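Here is a walk through one protein chain, written for someone who is fairly new to reading structures. Keep the picture open as you go and look up each residue when its name comes up.

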Amino acid sequence: GTLNQVRLEYTGEIWQSVGAENQNAVSSTYDLNSSITFALGKQGGPSLITTTSITLAQSGSLAAFDQNIDFAGSSGVAFDQHLSTGVVYSDSMLTDYLGSGPISFYVSATGEATLIAPANVATFQSSSAAGNFKVLYEFTAIPEPSTYAAILGVVALGFVTIRRRQVRSLA
């Protein structure tokens, strides 16, 4: 057959968690900026799709250290973000899909966080992505030889029928 299009479909979820814990004996303020970037690509090649899916900008104050590094209570803060996502990409490099052998893809979520505070602050940041990935091939099929034989048989039968009618009309 002839390969016309290859469509990559990803549906899934992206998570990001960011936290801070003031470890000073006095209260402190903070400015937090974070983002998570989603990427889909072929292994060993460039990303086909890259999007910044989640961003967070938060400011606030943290009380003096409560003697517990749990990113909660009066001296800690944590933010969890979750996003369901769907991406469809039509790959123009059709030759990559011809022939035999595997094609490997990757899906990644990369998080980045910046915390500015005039204190001794413990921080954490984690990001992840999970989902389903499909590769859909659209192609034009080449008819089997038996299809050509059937078409030729129908044409021959039609020709014989027309020929017989012509012979009868002459008699």
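Let's begin with a sheet built from three strands, in the order β4-β1-β6; the sheet is open, and its pairing is antiparallel. The edge strands here are β4 and β6 (121–140), since each of them pairs on one side only. From one strand to the next, the twist averages 10°. Keep in mind that you are looking at a predicted model.

Now zoom in on the pairing inside this sheet. Strands β1 and β4 run antiparallel and are joined by 16 bridges. For a landmark, find Ile 14: the residue opposite it in β4 is Leu 83.

**The other sheet**

There is also an open sheet with the order β3-β2-β5, again three strands with antiparallel pairing. Its edge strands are β3 (47–62) and β5 (105–116), each pairing on one side only. Going from one strand to the next, you'll find a twist that averages 10°.

Strand β2 covers residues 28–42, and twelve bridges pair it with β5 in the antiparallel sense. Which residue in β5 is the bridge partner of Ile 36? That partner is Gly 111.

**A closer look at Gln 16**

Next, find Gln 16, which sits in strand β1 (residues 2–22). Is Gln 16 buried or exposed? Its relative accessibility is 1%, so it counts as buried; the cut-off for buried is under 20% relative accessible area.

What does the side chain of Gln 16 meet in there? One polar contact, 3.4 Å long, joins it to the side chain of Ser 34. There is also a backbone atom to look for: the oxygen of Ser 35 lies 3.1 Å from a polar atom of the Gln 16 side chain.

The list of residues that Gln 16 touches goes on from there. Leaving out residues up to four places away in sequence, it includes Ser 34, Ser 35, Ile 36, Ile 54 and Phe 79. Gly 111 and Gln 125 are also among them. You have met two of these names already: Ile 36 and Gly 111 are the bridge partners from the other sheet.

**Salt bridges**

Time for some charged side chains. How many salt bridges does a search of the whole structure find? It finds three, and here they are with their N to O distances:

| Residue | Partner | N to O distance |
|---|---|---|
| Glu 9 | Arg 7 | 2.8 Å |
| Asp 91 | Lys 42 | 2.8 Å |
| Lys 42 | Asp 96 | 2.5 Å |

Lys 42 turns up in two of the rows, and indeed Lys 42, Asp 91 and Asp 96 are linked in a network of salt bridges. Take the pair of Lys 42 and Asp 96: it links distant parts of the chain, with Lys 42 in strand β2 and Asp 96 in the loop between β4 and β5, 54 residues apart. The Asp 91 and Lys 42 side chains also meet in a salt bridge. That pair links distant parts of the chain too, as Asp 91 lies in strand β4 (residues 76–91) and Lys 42 in strand β2, 49 residues apart.

How accessible are these residues? Asp 91 has a relative accessible area of 4%, so it is buried. Lys 42 also counts as buried, because its relative accessibility is 11%. Asp 96 has 35% and therefore counts as partly exposed. Over in the remaining pair, Arg 7 is partly exposed as well, with a relative accessible area of 30%.

**Stepping back**

Finally, zoom out to the whole chain. The protein chain has one helix and six strands, and along the sequence they follow the pattern β-β-β-β-β-β-α.

What about the overall dimensions? Along the principal axes, the C-alpha atoms fill a box of roughly 120 × 30 × 20 Å. The radius of gyration is 32 Å, whereas a compact globule of 171 residues would have one near 16 Å.

Of the 171 residues, 24% count as buried; Gln 16, at 1% relative accessibility, is one that counts as buried. And among the contacts with a separation of 6 or more, 80% come from residues 24 or more positions apart.

Definitions and conventions. Residues numbered from 1 in each chain as written. Predicted model: local features only at pLDDT ≥ 70, side-chain atom pairs only at ≥ 80, totals over all residues. Heavy atoms only, no water. Helix = DSSP H or I, 4+ residues; strand = E, 2+ residues; numbered from the N terminus. Buried < 20%, exposed > 50% of the residue type's maximum accessible area, 1.4 Å probe, protein only. Polar contact = N/O pair within 3.5 Å; in protein donor to acceptor, adjacent residues only side chain to side chain. Contact = heavy atoms within 4.5 Å. Pairing = 2+ DSSP bridges. Axes fitted to C-alpha atoms, helices over the stretch in contact; angles between N-to-C directions. Salt bridge = Lys/Arg side-chain N within 4 Å of Asp/Glu carboxyl O. Rg over C-alpha atoms; globule rule 2.2 N^0.38 Å.
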